[in-house]
Amino acid sequence: MFLHSLLERTEIIMPTISCEVKKCCYNTEGGCKLENVRVDGDSAVVSDETLCDSFTENKEEATNNCSCEECACDKADVECSAENCRYNSDGCCEADKIEIGHSTADCCSDTQCETFEEK
Ligand code: SF4
């Protein structure tokens, strides 16, 4: 039984990311250049209590972690600590698509995963 569920988990679910945080250096007119994204939300019960930990202000020198030839990535591997979200499965996001806001965010703590839904 355990082995069966382990085998099922080997399929990595990668959400599409829609991001409106214009001040992030990884933002590509509504998308994201990263193929590995980290969302934080330990004990979050509303989306306001989550944040995109991968946010990097675009004044900083940064390299993306994307291996594809054409950025942006359509999909990303999203590691997430928001255990109360219905899309969270053992620290990984299993939503088809996530939306990161806000458009006026200029630091990590101003961002949020708007797709968060309490279990
Ligand atoms: S939808 Fe839920 S599990 Fe996915 S990144 Fe957002 S808060 Fe985390």
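**Chat about a predicted model**

Visitor: Hi! How do the residues of the shell around the ligand divide into nonpolar, polar and charged?

Guide: The shell holds eleven nonpolar residues, four polar ones and no charged ones. Please keep in mind that this is a predicted model.

Visitor: Which residues come nearest to the ligand?

Guide: Cys 80, Cys 85, Cys 93, Cys 113 and Thr 115 come nearest, out of the 15 residues around the ligand.

Visitor: Let's take Cys 85. Where does Cys 85 lie?

Guide: Cys 85 is in the loop that runs between β6 and β7, the latter being residues 88–89.

Visitor: And is Cys 85 buried or exposed?

Guide: Cys 85 is buried, because 25 other C-beta atoms lie within 10 Å and the cut-off for a buried residue is 20 or more.

Visitor: Which residues is Cys 85 in contact with, leaving aside its neighbours within four places in sequence?

Guide: Those contacts are Gly 41, Phe 116, Glu 117 and Lys 119. There is also a distance you can check on screen: the C-alpha atoms of Cys 85 and Ser 47 are 9.0 Å apart, while the two residues are separated by 38 residues along the chain.

Visitor: Cys 80 was on your ligand list too. Which way do the side chains point along strand β6?

Guide: They alternate along β6, which covers residues 77–80. Cys 80 shares one face with Val 78, and both are buried. Asp 77 and Glu 79 point to the other face and are not buried.

Visitor: How many bridges join β4 to β6?

Guide: Four bridges join them, and the two strands run parallel; β4 is residues 36–40. As one of the pairings, Val 37 has Val 78 as its bridge partner in β6. In general, strands of a sheet pair through backbone hydrogen bonds, either parallel or antiparallel.

Visitor: Zooming out, what does the secondary structure of the protein come to?

Guide: There is one helix, and there are ten strands. Reading from the N terminus, the order is α-β-β-β-β-β-β-β-β-β-β. Of the 119 residues, 32% are buried.

Visitor: Among contacts between residues at least 6 apart in sequence, what share join residues at least 24 apart?

Guide: That share is 69%.

Visitor: What is the order of the open sheet of three strands?

Guide: The order is β1-β9-β10, and the pairing is mixed. β1 (16–19) and β10 (112–113) are the edge strands: each has a single partner strand, so one side of each has no neighbour in the sheet.

Visitor: How many bridges join β1 to β9?

Guide: Four, with the strands running parallel; β9 is residues 97–101. Ile 17 has Ile 98 as its bridge partner in β9, and Ser 18 has Glu 99.

Visitor: Which side chains of β1 are buried?

Guide: Ile 17 and Cys 19 are buried and point to one face, while Thr 16 and Ser 18 point to the other and are not buried.

Visitor: Now for backbone geometry. Which peptide bond is cis?

Guide: The bond from Gly 101 to His 102 is cis, with omega near 0 degrees. His 102 sits in the loop between β9 and β10. For background, most peptide bonds are trans, and most residues other than glycine have a negative phi.

Visitor: What is phi of Glu 29?

Guide: Phi of Glu 29 is near 50 degrees, a positive value in a residue that is not glycine. Glu 29 is in the loop between β2 (27–28) and β3 (31–32), and is exposed, with 8 other C-beta atoms within 10 Å.

Visitor: What about the phi of Ser 43?

Guide: Ser 43 has a positive phi of about 65 degrees, although it is not a glycine. Its place is the loop between β4 and β5 (51–52). Ser 43 is exposed, with 9 other C-beta atoms within 10 Å.

Visitor: How far are the C-alpha atoms of Thr 56 and Cys 25 separated?

Guide: They are separated by 5.9 Å, with the residues 31 apart along the chain. Thr 56 lies in the loop between β5 and β6 and is partly exposed, having 18 other C-beta atoms within 10 Å.

Visitor: Last one: what pLDDT does the protein average?

Guide: The average is 86, and 80% of the residues score at least 70. Over residues 1–7, though, pLDDT is below 50, and that stretch has zero contacts in the model beyond near neighbours in sequence.

Conventions: Residues numbered from 1 in each chain as written. Buried ≥ 20, exposed ≤ 12 C-beta atoms within 10 Å, placed from the backbone. Pairing = 2+ DSSP bridges. Near = placed C-beta within 6 Å. Nonpolar A, V, L, I, M, F, W, Y, C, P; charged D, E, K, R; others polar. pLDDT = per-residue confidence, 0-100. Contact = placed C-beta atoms within 7 Å.
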